[in-house]
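This report walks through one protein chain, from a single residue outwards to the whole fold. Please keep the sequence and the model side by side while reading.

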Amino acid sequence: MNNWKITDVASYAPQRVVTNDDLSQLMDTSDEWIKERTGISQRHISSGENTSDLATKVGEKLLAQSGWSANDVDLIIVATMSPDSYTPSTAAIVQGRLGADHAVAFDLSAACSGFVYALTVAGSMLQSPQFNKAMVIGSEVLSKIVDWKDRSTAVLFGDGAGGVLLTATDDQYYLGQDLTTFGKMNDKIVAGQTTVSSDFPHEITGLTPFKMDGRSVYKFSTHEVTESIKRAVEDAQIDLDQVDHFVLHQANARIITQVAKRLNQPLEKFPVNIDQYGNTSAASEPILLADCIEKGVIKRGDTLALAGFGGGLTVGTIIIKY
Ligand code: 4VN
């Protein structure tokens, strides 16, 4: 088969909610500032659950919703920038916990673009007769790598997971894509950097916390997301007007407004839930997708542009019919 479709969507967020007012007790910030500059009102913060725990919850929901058995799954990709460990991969942990014994499982590292990158990788693999059914999950526990003393990043991020089941088909659901990587800007968003000692033997050192050059990334995003969406729509051989919903990475509400303006598309086509979750990196698009489907905003047959952007720096857009 030469195409694939999304058959199910699910999300999960840890129970604890941290409001902007809660954060203003910890650092010099305010509810007004955070809301106005980012659109965020609250975020979910994990208490003890790791990235694989959130991802496994999503996997269990997806299997329950679809009626698939764990043995039906041929491929599991977890997109994350906050994995449980270097090894095993978060996806391997999920595979084991779900009992998806026939599934190939690996993580994909493309930060906030991870979900779109993982969809394109899974979609390509589904063209091979060896793979028929795939699970693609974005899962992040960013709270474990955020520097809670750095108010420029701490107010932005939240924890959560979302995912989809994909099935190979001959019908034209996948329409087109654009993936672009700007490695020369690799220092603009960093987290978990390792250092190599010149001494031998030496102590093992810890990982660096999340750091971002907010101004550069903001400027990059408004321009490059717009261009990526245009390239993907061209690849799909459709017009921007034919896209029903632009499901953008929930990085900052103001970026979404800017992209809508630059594309000359109505803001109503750009669903937003950053107010509830904050920026959940690779998890933000599948969480938004699940919300929109549950609310009936996104319906079967709608044309979607999913766009991720962030660390790498990376940007990616995929055009599909839901
Ligand atoms: C993509 C983006 C961001 C991001 C960058 C900057 C930013 C989010 C800077 C200005 C500040 C408000 C916050 Cl565009 C983050 C990621 C990582 O997922 C990806 N907010 N802001 C202000 O002073 O208004």
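## A residue in helix H7

Ser-221 sits in helix H7. Helices here are DSSP runs of H or I with at least four residues, strands are E runs of at least two, and both are numbered from the N terminus. The model is predicted: local features need pLDDT of at least 70, side-chain atom pairs count only at pLDDT 80 or more, and totals for chains, interfaces and linings use all residues. Residues are numbered from 1 along each chain as its sequence is written, and side-chain values use heavy atoms, with hydrogens and water left out.

Is Ser-221 buried or exposed? Ser-221 is buried, at a relative accessible area of 2%. Buried means under 20% relative accessible area, exposed means over 50%, and partly exposed lies in between, using a 1.4 Å probe and protein chains only. Leaving aside residues up to four places away in sequence, Ser-221 touches Thr-226, Ile-255 and Phe-309. A contact means heavy atoms within 4.5 Å. Gly-114 is 107 residues from Ser-221 in sequence, and their C-alpha atoms are 15 Å apart.

## Strand pairing

Several strands pair with one another. Pairing requires at least two DSSP bridges between two strands. The table gives four pairs.

| Strands | Sense | Bridges | One bridge pair |
|---|---|---|---|
| S1 (residues 3-12) and S7 (residues 160-169) | antiparallel | nine | Tyr-12 and Ala-161 |
| S8 (residues 174-181) and S13 (314-321) | antiparallel | seven | Gln-177 and Ile-318 |
| S12 (303-310) and S13 (314-321) | antiparallel | eight | Leu-304 and Ile-320 |
| S11 (245-248) and S12 (303-310) | parallel | four | Val-247 and Leu-306 |

Strand S13 pairs with S8 and also with S12. Seven of the eight residues of S13 are buried, so S13 is largely enclosed by the rest of the structure. Strand S1 is likewise well covered. Eight of its 10 residues are buried, so S1 is largely enclosed by the rest of the structure.

In a regular strand the side chains alternate between the two faces of the sheet. Strand S11 is covered on both faces. His-245 and Val-247 are buried on one side, and Phe-246 and Leu-248 are buried on the other. S11 runs parallel to S12, with four bridges between them.

## Backbone exceptions

Most residues other than glycine have a negative phi, and most peptide bonds are trans. This chain has exceptions on both counts, among them two cis bonds and two positive phi values outside glycine.

Take the peptide bonds. Thr-87 and Pro-88 are joined by a cis peptide bond with omega of about 5°. Pro-88 belongs to the loop between strand S4 (75-79) and helix H4 (90-98). Another cis bond links Gly-312 and Leu-313, with omega of about -10°. Leu-313 is in the loop between S12 and S13. These two strands form a hairpin with three residues between them, where Gly-312 has a positive phi near 140°.

Now the phi angles. Gln-237 has a phi near 55°. Gln-237 is in the loop between helix H7 (214-235) and strand S11, and is exposed at a relative accessible area of 73%. Asn-264 has a phi near 60°. Its loop runs between helix H8 (253-263) and helix H9 (274-277). Asn-264 is exposed too, with a relative accessible area of 70%.

## The whole chain

How many helices and strands does the chain have? The chain has 10 helices and 13 strands. Its radius of gyration is 19 Å, close to the 20 Å given by the globule rule for 322 residues, so the chain is as compact as a globular protein of that length. The radius is taken over C-alpha atoms, and the rule is 2.2 Å times the number of residues to the power 0.38. The C-alpha trace spans about 55 × 50 × 40 Å along its principal axes.

Buried residues account for 55% of the 322 residues. Among contacts with a separation of 6 or more, 76% join residues 24 or more positions apart. The accessible surface is about 14,100 Å², and carbon and sulfur atoms supply 49% of that area. These areas come from the Shrake-Rupley method with a 1.4 Å probe; for residues, only the protein chains shown count as cover.
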